[in-house]
Amino acid sequence: DHLQRDRAAQHQRRLQRQVLDGGAGSDTLTLARYTTARSVLLSGVGSTDGFNGSEPSVTQGFRNIDAVTGGQAADLLTGLNVAATWSLGDANQYTASGKNLAFTSFSTLVGGSANDAFVLNNGTTSGSLELVGNGGANTADVRGSFAVTGDLTLRGIQTITDNSGGTTLTAVTLNIYDATTAIGESGKPLFTRVQNLLIKNGGNVFLTEKDGVNIIGLDAGTGRFQITVQNGNLTIGLLEGDGEGVVEVLQGNVVDGNGNLQNIVASHAVLIARAGVVGTRDEKLDVEVPSGQFIDVTTSKGLAGAFVDASTGSRLRVDGREFLIGPAGVTTPESLATNNTLLVDVSGVDWASLDPTVTLLDCLEPCVRLPADQDEGEELAKVPSPMPKQAAEAPKMLLIRTSFGWKMVPLVPVAETAALRE
């Protein structure tokens with residue numbers, strides 16, 4: 001053991017006294033035995049082939065190297081300050097100035113000051129991986145099923161596209177910083193399979209998640225965002241952008257992941273749960289749009305599946321039916337023109353879910369429009385005609401339960417309020 005360590009020490013001293021010159025042919029710099037983090041910096045192209053560069057363990061540097069292998073820790077590889085392409089997947093290759101460098105076992109890849117293109121092909125990387133643009137107009141393009149067993153971080157890469165044809169970018173957590181131009185495109189979103197997603201200082205975002213995802217945060221800047229989840233729940237922290245914000249879940253629910261804080265801030269918010277619900281009675285989605293702008297909600301249960309705290313002055317539409325939001329909560333547009341009378345369209349009420357101990361008082365037909373399949377029920381019997389004078393003079397109240405809670409609604413004949421409906 002002592003002899004082996006001595007030989008290793010002598011080898012290390014020889015490396016430090018001379019430049020490692022690969023010369024012609026295929027030459028590899030191997031750092032596989034190191035258990036401490038290594039940092040390889042490329043400085044130029046080789047005079048014969050490959051690249052020149054440095055690494056602290058080789059004080060005089062290296063030249064004409066065609067491949068480099070990292071060590072056992074979190075190692076760093078930094079490219080030249082020229083336009084370059086990083087091709088990642090089952091085989092990794094760096095290309096710049098007409099030369100190629102194969103590499104493996106690096107957890108951080110940093111581009112130079114010029115444009116860097118990161119191409120993600122079919123393949124799996126063990127552990128976590130960070131790709132850094134570092135300068136220039138940088139891009140990342142998913143062209144195959146690229147997987148990272150840990151976290152994947154993209155930093156300083158302004159444009160991220162997906163030309164994989166629908167395969168996935170897989171990681172535990174996907175972190176994207178400074179993608180200020182776009183993530184995905186309308187009609188060609190970035191397809192992912194991740195547990196968590198964080199996007200900071202971004203631009204337009206078009207992303208489709210194949211399984212459920214927890215969005216820790218999403219900042220689309222001055223752009224818009226459109227998030228689709230194919231299977232599983234979408235849990236959202238804060239999603240914000242100056243443009244339109246759309247979240248859609250095909251098989252699952254939209255879930256609050258931000259406590260009592262905001263969930264969505266956009267110019268127009270759209271929340272869709274085609275086979276589920278949006279929020280819950282105890283954990284509503286907090287959505288803010290400018291006054292007078294729309295929040296559109298669609299659920300598999302209609303109004304009974306929409307649990308949204310809408311910002312004051314916004315225009316809330318649930319399955320196409322509009323409400324206005326004032327300081328007192330949810331009202332219909334017509335109610336703003338009355339003093340103390342609320343004109344209610346109850347066609348979307350889930351009557352079957354009403355507490356059976358509550359008595360539904362008769363209504364002066366046709367002041368409200370009952371659902372077609374329930375307007376003949378005995379429990380909702382209409383006032384007899386002619387109506388007894390005493391009953392006609394008594395105030396009529398209807399107690400209904402909606403996703404916004406219990407409401408005691410005074411009812412009046414249509415004839416008295418017809419002008420308000422025009």
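Start by selecting Arg-193, which is partly exposed at a relative accessible area of 34%. Keep in mind that you're looking at a predicted model.

**Stop 1: Arg-193 and its partner**

Add Asp-211 to the selection: the two side chains meet in a salt bridge, 2.9 Å from N to O. Arg-193 belongs to strand β21, while Asp-211 is in the loop between β22 and β23 (213-219), so this pair ties together parts that are 18 residues apart in sequence. Asp-211 is also partly exposed, with 32% relative accessibility.

**Stop 2: strand β22 and what flanks it**

Now colour residues 204-209, which make up strand β22. How many of its 6 residues are buried? The count is 5, so you can call this strand mostly covered, given that buried means under 20% relative accessible area.

Next, bring up the strands it pairs with. Residues 190-200 are β21, which runs parallel to β22 and is joined to it by 3 bridges. Pick Phe-191 there and you'll find Thr-208 of β22 standing opposite. Then show β20 (residues 182-183), also parallel to β22, with 2 bridges between them. Here Ile-183 has Val-205 as its bridge partner in β22. Finally, select residues 225-229 for β24, another parallel neighbour, this time with 5 bridges to β22. A handy pair to label is Leu-207 with Ile-227 of β24 opposite.

**Stop 3: Thr-228, then on to Glu-248**

Stay in β24 and click Thr-228. Is this residue buried or exposed? Thr-228 comes out buried, at 13% relative accessibility. Setting aside neighbours within four places in sequence, its contacts are Leu-207, Thr-208, Glu-209, Glu-248 and Leu-250.

Follow that list to Glu-248, which forms a salt bridge with Arg-274, the closest N and O atoms being 2.5 Å apart. This one links distant parts of the chain: Glu-248 is in strand β26 (residues 244-249), and Arg-274 is in the loop between β29 (268-273) and β30 (285-288), 26 residues apart. The two ends are not equally covered: Glu-248 is buried at 14% relative accessibility, whereas Arg-274 is partly exposed at 49%.

**Stop 4: Arg-38 and Glu-55**

A search of the whole structure turns up 8 salt bridges. One of them joins Arg-38 to Glu-55, with closest N and O atoms 3.2 Å apart. What does this pair tie together? Arg-38 sits in the loop between β2 (28-30) and β3 (39-45) and Glu-55 in strand β4 (residues 51-55), so the link spans parts 17 residues apart in sequence. Arg-38 counts as buried at 12% relative accessibility, and Glu-55 is buried at 2%.

**Stop 5: two positive phi values**

If you like checking backbone angles, select Asn-64: its phi is near 55°, a positive value in a residue other than glycine. Asn-64 is in strand β5 (residues 58-65) and is buried, with a relative accessible area of 2%.

Then jump to Asp-319, where phi is near 50°, again positive in a non-glycine residue. Asp-319 lies in the loop between β33 (315-318) and β34 (321-326), and it is partly exposed at 41%.

**Last stop: Ala-102**

Finish in strand β10 (residues 99-104) with Ala-102, which is partly exposed at 33%. Beyond residues up to four places away in sequence, Ala-102 touches Asp-66, Ala-67, Val-68, Asn-92 and Gln-93. For a final distance label, try Gly-50: Ala-102 is 52 residues away in sequence and 9.4 Å away in space, C-alpha to C-alpha.

Terms used. Residues numbered from 1 in each chain as written. Predicted model: local features only at pLDDT ≥ 70, side-chain atom pairs only at ≥ 80, totals over all residues. Heavy atoms only, no water. Helix = DSSP H or I, 4+ residues; strand = E, 2+ residues; numbered from the N terminus. Buried < 20%, exposed > 50% of the residue type's maximum accessible area, 1.4 Å probe, protein only. Contact = heavy atoms within 4.5 Å. Pairing = 2+ DSSP bridges. Salt bridge = Lys/Arg side-chain N within 4 Å of Asp/Glu carboxyl O.
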